[in-house]
Amino acid sequence: MANYFTDHPEIGFHLNHPLMKRIVELVERNYEDKDKYDDAPVNYDDAIENYKRILDITGDVSANVIEPNAESIDLEGPHLENGRMIYASKTFENIEATRQAGLWGVSMPRRYGGLNLPNVTSSMMSEMIAAADGGFQNIWSLQSCIDTLYEFGSEEQRKKYIPMVCEGATMSMDLTEPDAGSDLQRVMLKATYDEKEDCWRLNGVKRFITNGDSDIHLVLARSEEGTKDGRGLSMFIYDKRQGGVDVRHIEHKLGIHGSPTCELVYKNAKAELCGTTRMGLIKYVMALMNGARLGIAAQSVGVAQEAYNEAFSYAQERTQFGQRIIEFPAVYDMLSRMKAKLDAGRSLLYQTARYVDLYKALEDIQRDRKLTVEERTEMKKYTRLADAFTPLAKGMNSEYANQNAYDAISVHGGSGFIMEYKSQRLYRDARIFSIYEGTTQLQVVAAIRYITNGTYTGIIKEMLEAEVPAELKPLRNRVSNLVEQYEEAIEAVKGKNNQEAHDFLARRLYDMTANLVMSILIIDDASRAPELFLKSANVFVNHTEEQNTGNSLFIKNFKVEDLKFYCAEQKEDVAS
């Protein structure tokens, strides 16, 4: 029987990283739960075995329930009845199967009924569910919204809502509006305090809300009358059982059909304040979005894996001119690049997840006791690394998912354009990944300051100091040789002293940065498991040299006055 965990040993490999011991130690609080809960691990090895058991269950459910339902869900999609969103029929089966398997409340402490899993493990679960059905992954993974409530809500709210999610209650984050997409400072959904009922009331419209008719909503709303920026926004908890919110419309989308995208109308809906007023966008949404971006990175890796699987399987079976097409250089070049991007992107995902785990666990401990000086230093270090790596992980993996899905259709040829083949659905599903939860362009904006202030350069040089086996040193040296080129490109952009040129060239610096980071990570993976990653390491370093050299030359030869050739408003003048 298929299993998305055991069938892909590249996933389980990332449980063996040297940082995992520290992560488990912090997440398990030195195994203090072992005497309180039967399922709590007693030591590190027991914890890892527990993670593997949960991942095995997830792999089984993904391969044998969620994936077989995916095509039916894609064809049916959700529908609207009397102001309510109704999932596709097979989506209900998926939700019930994951509930029965105990795959909800994954990140929550055991005292609330959760599994107390680190981000590394929950990201692996997310990857596998996405490989089975990227649309259902949205519904399942939005349970991570509970992390924000856990972090900023009251203990009363935790006791009320977290057990619901652990039992399978669905969630959504209601942020965007018709006039507030990426620019959330323009949110105008109104929150007013009802003194008579001792509650808040929400009125207005939210648009493009994923899983918008969920059981529990986290809602960004304007609580401060007369304000027009982010300082007037607060976060609220809306419980669907209270009523007051109707679904006005379900979007008809290119892909992820099983994931309902709703327009919601709030009519005097009763809600609870989460945390304190005025911090909704400044603090709480930032936490929500960082978690969501890691979730999209995992979703992207899952779909990139499935696209590669489909392409590889087809190339092995399809014959032309008396040969299997996998034997043609044009095809095996494409497949090797797909696999290299998949492996390198996955390594970036789990390195980011490890950094997030370390600082989040220390933050959680800090709620109960004062951290030591060493712990504060550790938390600061990994917060910085997580902030730097998250925009790389989300941006690059979402782009790779799109590229792999595109290439999977190319490998299939004309068959890939036929609806009976899965590759067309993967292609449609992947397109949104580089758009929602912050476009790739916004990931560039988030990363560029770390590029120009030397943060990434320092990280890359530190990563290059790690020892590798003798047989991999030539490969690692090739990456080292690209660092000087990278630094020169950064200085060339800064030296232009023009903000528009700086913004225009930022994507090329971003790509160069990510390529170097992923090259080092995949070489490290190959040093520990050459049977899994040596081929991908060689292919990806070749890819990095090719891409970075091209970007470096573009930046070197670019002049500020060249912007006129790209500026849409001036095209007619240039042509004349």
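Q: Buried means under 20% relative accessible area, exposed over 50%, and partly exposed in between. With these limits in hand, is Asp213 buried or exposed?

A: The model discussed here is a predicted one. In it, Asp213 has a relative accessibility of 5%, so it counts as buried.

Q: With which residue does Asp213 form a salt bridge?

A: The general idea is that side chains of opposite charge can pair when their charged atoms come close. Here the partner of Asp213 is Lys240, and their closest N and O atoms are 3.5 Å apart. This pair links distant parts of the chain, 27 residues apart: Asp213 belongs to the loop between E5 and strand E6 (216-222), and Lys240 to the loop between strand E7 (233-239) and strand E8 (245-250). Lys240 has a relative accessible area of 26%, so it is partly exposed. Salt bridges may also share partners, and one network of this kind joins Arg29, Glu151, Lys360, Asp364, Arg367 and Asp368.

Q: How many salt bridges does the structure contain, and which residue meets Glu378 in one of them?

A: The count is 43 salt bridges. In one of them, the side chain of Glu378 meets that of Arg22, with an N to O distance of 2.8 Å. Because Glu378 is in helix H11 (residues 373-412) and Arg22 is in helix H2 (residues 20-27), the pair ties together parts that are 356 residues apart in sequence. Glu378 is buried, at a relative accessible area of 16%, whereas Arg22 is partly exposed, at 24%.

Q: Where do Lys90 and Glu93 lie, and how many residues apart are they?

A: Both belong to helix H4 (residues 89-100) and are 3 residues apart, about one turn of the helix. Lys90 and Glu93 form a salt bridge whose closest N and O atoms are 3.3 Å apart. Lys90 is partly exposed, with a relative accessibility of 27%, and Glu93 is partly exposed as well, with 38%.

Q: How should strand pairing be read, and in which sense do E4 and E5 pair?

A: As background, the side chains in a regular strand alternate between the two faces of the sheet. In the present case, strand E4 (residues 190-194) pairs with strand E5 (residues 199-210) in the antiparallel sense, over 5 bridges. For example, Thr192 has Arg201 in E5 as its bridge partner. E4 and E5 make up a hairpin with 4 residues between them, and Asp198 in the turn has a positive phi of about 55°.

Q: Over how many bridges do E5 and E9 pair?

A: E5 and strand E9 (residues 261-274) pair over 8 bridges, in the antiparallel sense. Here, Ile209 has Cys262 in E9 as its bridge partner.

Q: Which sign does phi have at Asn82, and where does Asn82 lie?

A: The phi of Asn82 is positive, about 55°, although this residue is not a glycine. Asn82 is part of the loop between strand E1 (79-81) and strand E2 (84-86), and it is exposed, with a relative accessible area of 80%. Phe321, also a residue other than glycine, has a positive phi near 55°. Phe321 lies in the loop between strand E10 (319-320) and strand E11 (323-324). With a relative accessible area of 78%, Phe321 is exposed.

Q: How many disulfides does the structure hold, and why does Cys145 have no such bond to Cys274?

A: In general terms, a disulfide is a covalent bond between the sulfur atoms of two cysteines. A search of the whole structure finds 0 disulfides. The cysteine sulfur closest to that of Cys145 is in Cys274, 11 Å away, which is too far for a bond. Cys145 is buried, with a relative accessible area of 2%.

Q: In which helix is Val301 found, and which residues are in contact with Val301?

A: Val301 is found in helix H9 (residues 280-317) and is buried, at a relative accessible area of 1%. Apart from neighbours within four places in sequence, Val301 is in contact with Glu127, Leu342, Gly345, Arg346, Leu349 and Asn397. A C-alpha distance adds to this picture: Val301 and Ala130 are 171 residues apart along the chain, and their C-alpha atoms are separated by 8.2 Å.

Technical notes
Residues numbered from 1 in each chain as written. Predicted model: local features only at pLDDT ≥ 70, side-chain atom pairs only at ≥ 80, totals over all residues. Heavy atoms only, no water. Pairing = 2+ DSSP bridges. Helix = DSSP H or I, 4+ residues; strand = E, 2+ residues; numbered from the N terminus. Salt bridge = Lys/Arg side-chain N within 4 Å of Asp/Glu carboxyl O. Buried < 20%, exposed > 50% of the residue type's maximum accessible area, 1.4 Å probe, protein only. Disulfide = S-S within 2.5 Å. Contact = heavy atoms within 4.5 Å.
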